[in-house]
Amino acid sequence: MSKVKYYYDPDTLSYRKIEPKKSKKYRNIFLFLLGSALFGFLGLIILLNTSWVNTPKELSLEREVRNYELQYDILNRKMDQMEQVLANIEDRDNNIYRLYFEANPIPEEQRRAGFGGVNRYKDLEGFNNSEIIIDATKRLDIIQKEMVIQSKSLDEIAKLAEEKEKLLASIPAIQPVSNEDLTRMASGYGWRSDPFTKARKMHWGMDFTAPRGTPIYASGDGKVVRADNRSSGYGKHVRIDHGYGYISLYGHMSKYNVTVGQKVKRGDLIGFVGSTGRSQAPHVHYEVFKDGERINPINFYYGSLSAEEFENMLRLANQENQSLD
């Protein structure tokens, strides 16, 4: 209830009631309404533009969203790094490892192929950020597939490397007689004069002259398949199967140092120089077979000769002289 105000009238010597003017009353009502509107407008602005009016649950959700955005950014950077490292490994795999071991490079379309068939990402659709989630999931799936392909490739390279190492150890790559014990390289591969008939005849191996009893060594890793004198002209001889289609033969021995079925390593002592069989003087007749065909042994001496020694041997081997068997 509003207060009633009075004033003292000296003319009537009494108190009279103060009657408020209607204009002032309307002004007060207008100011009140204006103030209320201003306060309401300011409250709406504050509500729309400040976080301190949010509920605790809304604040918690906002923090969670910001954290997810940060984690997504970190995940993207990690995937970028993984793709860069993987691309570097793939490049070396195709252009160094597989090239060295004579394996076909893995095609780019095979490494980068996507996933056909059914929609793998249907469960991720229908959310506010479905596009971002599906894109990240696709990148991870492709990276995982590329890693599986690369892992299988490296397994293949490891197997090829092991086979290459075995192949290099098995190829007949050294002289059967060491240079210290060698008197001379008497005859090479090719047409030569037969020591008994004097007719021109194909000489299928190389003759290394050395004193009787000089050690003869296996020219590569392998398994002894023959050690006998039952092959015409060779006398006591040894044959070693090196695998990969290679077989080496050592003829005219004085005695053996191996037995059939024995496994030998390159440089192992397998027998001694002699002059058994069809031979004119003590020497070892040495032959190399590849896939059943005789080939020139001089092409395989990379394991025991210097460049100068090889050049000298090549010169002697090409001379059409008389063979010793």
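This is a short tour of the model, stop by stop, with a suggestion of what to select at each one.

The model is predicted, so local features are given only where pLDDT is at least 70, side-chain atom pairs count only at pLDDT 80 or more, and totals for chains, interfaces and linings use all residues. Residues are numbered from 1 along each chain as its sequence is written, and side-chain values use heavy atoms, with hydrogens and water left out.

Begin with the whole protein in cartoon view, where there are five helices and 14 strands; helices (H or I, at least four residues) and strands (E, at least two) are DSSP runs numbered from the N terminus. Of the 325 residues, 31% are buried, where buried means under 20% relative accessible area, exposed means over 50%, and partly exposed lies in between, with a 1.4 Å probe and protein chains only.

Next, select helix α1, residues 22-49, and find Phe 32 in this helix. Phe 32 counts as exposed because its relative accessibility is 59%. Add Tyr 26, Ile 29 and Leu 33 to the selection, and together with Phe 32 they make a nonpolar surface patch of about 470 Å².

Then select residues 58-92, which an unreviewed UniProt entry annotates as "coiled-coil region"; such annotations may be inferred rather than shown by experiment. In the model this stretch is 100% helix and 0% strand, and its end C-alpha atoms are 51 Å apart.

Move on to Val 238, Ile 240, Tyr 250 and Ile 270, the residues with the most contacts inside the largest nonpolar core, which has 24 residues. Strands that each supply at least two residues of this core include β6 (206-209), β9 (236-243) and β13 (283-290). A nonpolar core is a set of buried Ala, Val, Leu, Ile, Met, Phe, Trp, Tyr and Cys residues joined through side-chain atoms within 4.5 Å.

Which residues surround Val 238? Leaving aside neighbours within four places in sequence, its contacts (heavy atoms within 4.5 Å) include Val 224, Leu 249, Tyr 250 and Ile 270.

Finish at Ile 247, which lies in strand β10 and counts as partly exposed because its relative accessibility is 28%. Beyond its neighbours within four places in sequence, Ile 247 is in contact with residues including Arg 239, His 242, Glu 287 and Phe 289. Select Glu 293 as well: Ile 247 and Glu 293 are 46 residues apart in sequence, and their C-alpha atoms are 9.6 Å apart in space.

Notes
Patches are made of residues with over 30% relative accessible area and no salt bridge: like charges are joined within 9 Å, nonpolar side chains (Val, Leu, Ile, Met, Phe, Trp, Tyr) within 5 Å. Accessible areas come from the Shrake-Rupley method with a 1.4 Å probe; for residues, only the protein chains shown count as cover. A salt bridge is a side-chain nitrogen of Lys or Arg within 4 Å of a carboxyl oxygen of Asp or Glu.
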